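Reader: I am new to this structure and would ask for a close look at one residue and its surroundings. Please begin with that residue and then place it in the wider fold.

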Amino acid sequence: MDLQTQLNKEAVRRFNQEVIAEGNINSFNELMDDQFINHSAPLGTDNGPQGMINTFNNILRPALADMQVIIHDQIAEGDLVTTRKTITGTHTGSLMGISPTDRSVSIEVIDVVRLRDGKYIEHWGINTLPVVLQQLAKN
């Protein structure tokens, strides 16, 4: 594996730990390109950098106490890094209109990130958040 591919994998690991799990805005700004596009953003929502940080810091983190990101696999080729991970936490705050249940939550995620100069430039992803929301709503 070449050095750039290794550096790209490390940037994605940092993003998952420092930005998603910890909410570190400085790391977000360091790892996010101004031209970033989230191809998986819900229709009608901000698909740029601010939409991405809003999801983590204003939707997930306030709803999920002790939020963690567990990376299971990472595969990298060229400027792409694919990560299979689980975002976990305890549902102690309102999550997209669902009142706290104090239940453990696990959101399974597979995402593909294209990096340029060590920064996120594009993202595609699938996750089980809709299924998790259905389960929490049944409480």
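What is the relative accessibility of Arg14, and as what does this residue count?

Author: The model is predicted: local features need pLDDT of at least 70, side-chain atom pairs count only at pLDDT 80 or more, and totals for chains, interfaces and linings use all residues. Residues are numbered from 1 along each chain as its sequence is written, and side-chain values use heavy atoms, with hydrogens and water left out.

Arg14 has a relative accessibility of 21%, and therefore counts as partly exposed; buried means under 20% relative accessible area, exposed over 50%, and partly exposed in between, with a 1.4 Å probe and protein chains only. The residue lies in helix H1. Helices (H or I, at least four residues) and strands (E, at least two) are DSSP runs, numbered from the N terminus. Apart from its neighbours within four places in sequence, Arg14 is in contact (heavy atoms within 4.5 Å) with Val19, Ser27, Glu30 and Leu31. With Glu30 there is also a side-chain polar contact of 2.9 Å. A polar contact is a pair of N or O atoms within 3.5 Å; within protein, one must be able to donate a hydrogen and the other to accept it, and residues adjacent in sequence count only if both atoms are side-chain atoms. As for Leu31, the C-alpha atoms of Arg14 and Leu31 are 8.5 Å apart in space, although the two residues are 17 apart in sequence.

The helix that carries Arg14 belongs to a wider arrangement. Five strands form an open sheet with mixed pairing, in the order S1-S5-S4-S3-S2; two strands pair if DSSP finds at least two bridges between them. At its edges are S1 (32–38) and S2 (64–77), each of which pairs on one side only. Neighbouring strands are turned by 25° against each other on average, with direction ignored. Helix H1 (residues 3–21) packs on this sheet and touches S1, S2, S3, S4 (104–116) and S5 (119–127), and its direction makes about 170° with that of S2. For such angles, axes are lines fitted to C-alpha atoms, for helices over the stretch in contact, and the angles run from 0 to 180 degrees between N-to-C directions.

The pairings may be followed from one edge to the other. S1 and S5 are parallel and share three bridges; one partnership there is that of Ile37 with Glu122 in S5. S4 and S5 run antiparallel and are joined by eight bridges, and Asp111 has Gly125 in S5 as its bridge partner. These two strands form a hairpin with two residues between them. Asp117, in the turn, has a positive phi near 55°, although the residue is not glycine, and Asp117 is exposed because its relative accessible area is 74%. At the other edge, S2 and S3 (residues 80–91) are antiparallel, with 11 bridges between them, and Leu64 stands opposite His91 in S3.

Strand S5 also holds His123, which counts as buried because its relative accessibility is 9%. The side chains of His123 and Asn38 are joined by a polar contact of 2.7 Å. Beyond its neighbours within four places in sequence, His123 is in contact with several residues, including Phe36, Met52 and Val112.

The interior may be considered next. The largest nonpolar core, a set of buried Ala, Val, Leu, Ile, Met, Phe, Trp, Tyr and Cys residues joined through side-chain atoms within 4.5 Å, has 32 residues, of which Phe15, Ile107 and Tyr120 touch the most other members. Among the elements that each supply at least two residues of this core are H2 (25–31), H3 (49–63) and H4. Its largest share, six residues, comes from H1, the helix in which Arg14 lies. In soluble globular proteins, nonpolar side chains tend to be buried together. Ile107 is in contact, its neighbours within four places in sequence aside, with residues that include Leu60, Leu64, Ile87, Leu129 and Val132.

The last two of these lead to helix H4 (residues 129–137), whose buried residues are Leu129, Val132, Leu133 and Leu136. Seen down the axis of H4, they fall within an arc of 100°, so they line one face of the helix; the arc is that of the directions from the helix axis to the C-beta atoms. The cover over these buried residues includes S3, S4 and S5. Pro130 and Gln134, on the other side of H4, are exposed.
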